[in-house]
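Subject: Structure for you to look at

Hello,

Here is the structure I promised to pass on. Please open it alongside this email, as my notes follow straight after.

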Amino acid sequence: MKSLLGEERSFIIESDDDDEEDPAHRGDGVGHGDDGSSSDSSSCATPRGGGGDSQPNSYTNQWPQSYRQSIDILSNVQSPSLGFLGTPTLSRLSNSFLNSSFLNSSFRGKTPEIVSNLVKPLIRPTTSDEQQQQQQHEDIRKSSQYLLPSRKPSLQQIPEDQKPLVVGHEVSPYQQCSYTQGAMNGINVLCGVGILSTPYAIKQGGWLGLVILVVFALLAWYTGVLLRRCLDSKEGLQTYPDIGHAAFGTTGRIAISIILYVELYACCIEYLILESDNLSKLFPNVHLNIGGLTINSHVFFAILTTLVVMPTTWLRDLTCLSYISAGGVVASILVVICLCWIGVVDHVGFENKGTALNLPGIPIAIGLYGYCYSGHGVFPNIYSSLKNRNQFPSILFTCIGFSTILFTATAVMGYKMFGESTESQFTLNLPENLVVSKIAVWATVANPITKYALTITPLAMSLEELLPRSQQKYSNIIILRSALVVSTLIIALSVPFFALVMALIGSLFAMLVTYILPCACFLAILKAKATWYQTATCSFIIAVGVTCACVGTYSSLSGIVQNYAT
């Protein structure tokens, strides 16, 4: 690891900023203290606006303005506090992230009072830090209103007593994530449902297909560091859409935003397919007769899951779900432990040898492995939350390295246990009579239910921004979000092929977000400063990403069509 990180300064970054103590002190707009009010020091989120500037950040004034907040909720653990969209109660802001970003936006007239609570990290800071921040919080408390980011931010529209205080050359209270906190947040993003299909990926591509997984991991680390370089290149860049804006203008911002949102939408479809498959395994005989129509267990549980998750999308404060969903890391590790237990203790064994290489299945394996590294939409947020941003390459290496070890172990154990009978999700192969199997399946089922609302909310908030101001009412927002949820159900029932849908997401969207776009943006923003080998490396990764995207997408779509034909 040291050798890789040591080469980064000369081969990847070549940035004069690396030797500085912390980019927050450079006056780059991201690191300045945004206001004089302090939040709980455990907050790992960062404000959406620029730094201590009195002028609004131009990158946050354009659609989607809600990206920063919604992705922070998705990637960070928050304090549990629930409320529904229609609840007419006013909470006090105790988070400067929300305070600064909303104070830098014009207040809407007659906007219902909605505020969020603290964005807390996976690991809490020291007690002394907590007490200091609580004391500062008691000194300055601001209240605000929130529904959607305003289209026309203007500090002139904010009363003098509510304007954020400017504290120059002070580390932002939001940049409080330690190395461990940042790594845990990154692992939580990467270790999702993709781990369930890694044994099936070996079945498709053979043992040598694991080389693809390792190569994808190394390239994902490299492109993640490129995103960091892009963020440091200009003042005010904080999110992936901001990078697209800096690289390709408004068109780039909108295009990248749409790609990111469609990827999240597709993940929600995958969640419903997952729930349907695993719950129907637990309760295979469940069915429902309505008149002359019989609904089998797969359709029944897909509809039931939709009815369960739909009210969670109406929540105006997703902090509790964010807190619970952080257990995704634990759930993933638990499922792997259960798989190992069944193989060793319950004597299922690891007898299957498998094939060394299966060329016809490589395109599907590419998509499945690519899906495992689709976390780059969140990495800029994690980078912005760090106390010491120079640790980001190492944190990224830790996240991807740990996840790759987990993916590889699961793939090897699952395929050795079930061989050519391996299902699209290894939980479907687990013996039904074992308690450990039920633990693994229930852990698999519980995680997507908590993550569904967090995953669909960024898309929902971006669409709500586009509504005319007169239509931004609670009733309309509930209708919009409910329609999104129902649409994912319809597609999940229409294309109930877990592995093929995952391979399609991995081939098309993950290749774009993780490999192609970071290199393209880096070359567009920093081509004048890039060395010839950086340019060559980025060009190579783009070529690999485009090739994998084309081959994997074609194979996934062909597989879906063939399943319909049969």
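Start with α12. In this helix I362, P363, I364, A365, I366, G367, L368, Y369, G370 and Y371 are buried. That is ten of its ten residues, so α12 counts as mostly covered. What do the buried residues of α12 pack against? They pack against α6 (198–205), α7, α8 (240–282), α17 (498–526) and α18 (532–565). Bear in mind throughout that this is a predicted model.

Now the chain as a whole. The protein chain has 18 helices and four strands. It runs to 566 residues, and 61% of them count as buried. Take the contacts with a separation of 6 or more: residues 24 or more positions apart account for 85% of them. The accessible surface comes to about 21600 Å². Carbon and sulfur atoms make up 63% of that surface.

Next, the loops on either side of α12. The loop between α11 (328–344) and α12 holds H347. H347 has a phi near 60°, a positive value in a residue other than glycine. Is H347 buried or exposed? H347 has 69% relative accessibility, so it counts as exposed.

On the other side, look at the aromatic pairs. The structure holds twelve of them. One of these is formed by Y373 and F407. The two rings sit edge-to-face, 5.8 Å centre to centre, with 80° between the planes. This pair links distant parts of the chain, 34 residues apart. Y373 is in the loop between α12 (362–371) and α13 (379–384), while F407 is in helix α14 (residues 392–418). Both Y373 and F407 are buried.

Y383 and F392 make another edge-to-face pair. Their centres are 5.1 Å apart, and the planes meet at 65°. Both of these residues are buried as well. Y383 has a further partner: R389 lies over the face of its ring, 5.3 Å from the ring centre. There is also a cluster, in which ring pairs link F283, F300, F301 and W442.

Then the salt bridges. How many does a search of the whole structure find? It finds three. Here they are in turn.

- R228 and D232: their side chains meet at 3.2 Å, N to O. The two residues are four apart in helix α7 (residues 210–233), so about one helical turn separates them. Both are buried.
- R253 and D242: the side chains meet at 2.7 Å, N to O. R253 counts as buried at 2% relative accessibility. D242 is buried too, with a relative accessible area of 2%.
- E464 and R481: the side chains meet at 2.6 Å, N to O. E464 lies in helix α15 (residues 435–465) and R481 in helix α16 (residues 474–494), so this bridge ties together parts that are 17 residues apart in sequence. E464 counts as buried at 1% relative accessibility. R481 is buried, with a relative accessible area of 8%.

The spacing in the first bridge fits a general point. An α-helix has 3.6 residues a turn, so residues three or four places apart point the same way.

Stay with helix α7 for a moment, as Y222 lies there too. Why does Y222 count as buried? Its relative accessible area is 6%, and buried means under 20%. The C-alpha atoms of Y222 and L396 are separated by 9.3 Å. Along the chain these two residues are 174 apart.

Last, helix α5 (residues 179–190). It has twelve residues. From its first C-alpha to its last it reaches 17 Å, close to the 16 Å expected at 1.5 Å a residue. The buried residues here are Q181, G182, A183, N185, G186, I187, N188 and L190.

If you only have a few minutes, go to three places. See α12, where ten of ten residues are buried. See Y383, with F392 as its edge-to-face partner and R389 over its face. See the bridge between E464 and R481, which joins helix α15 to helix α16.

Best wishes

Methods:
Residues are numbered from 1 along each chain as its sequence is written. This is a predicted model: local features need pLDDT of at least 70, side-chain atom pairs count only at pLDDT 80 or more; totals for chains, interfaces and linings use all residues. Side-chain values use heavy atoms; hydrogens and water are left out. Rings of Phe, Tyr and Trp (its six-membered ring) pair if their centres lie within 6.5 Å; planes under 30 degrees apart count as stacked, over 60 as edge-to-face and the rest as tilted. Buried means under 20% relative accessible area, exposed over 50%, partly exposed in between (1.4 Å probe, protein chains only). A charge sits over a ring if NZ of Lys or CZ of Arg is within 6 Å of the ring centre and within 35 degrees of the ring normal. A salt bridge is a side-chain nitrogen of Lys or Arg within 4 Å of a carboxyl oxygen of Asp or Glu. Contact means heavy atoms within 4.5 Å. Accessible areas come from the Shrake-Rupley method with a 1.4 Å probe; for residues, only the protein chains shown count as cover. The expected span of a helix is 1.5 Å times one less than its number of residues.
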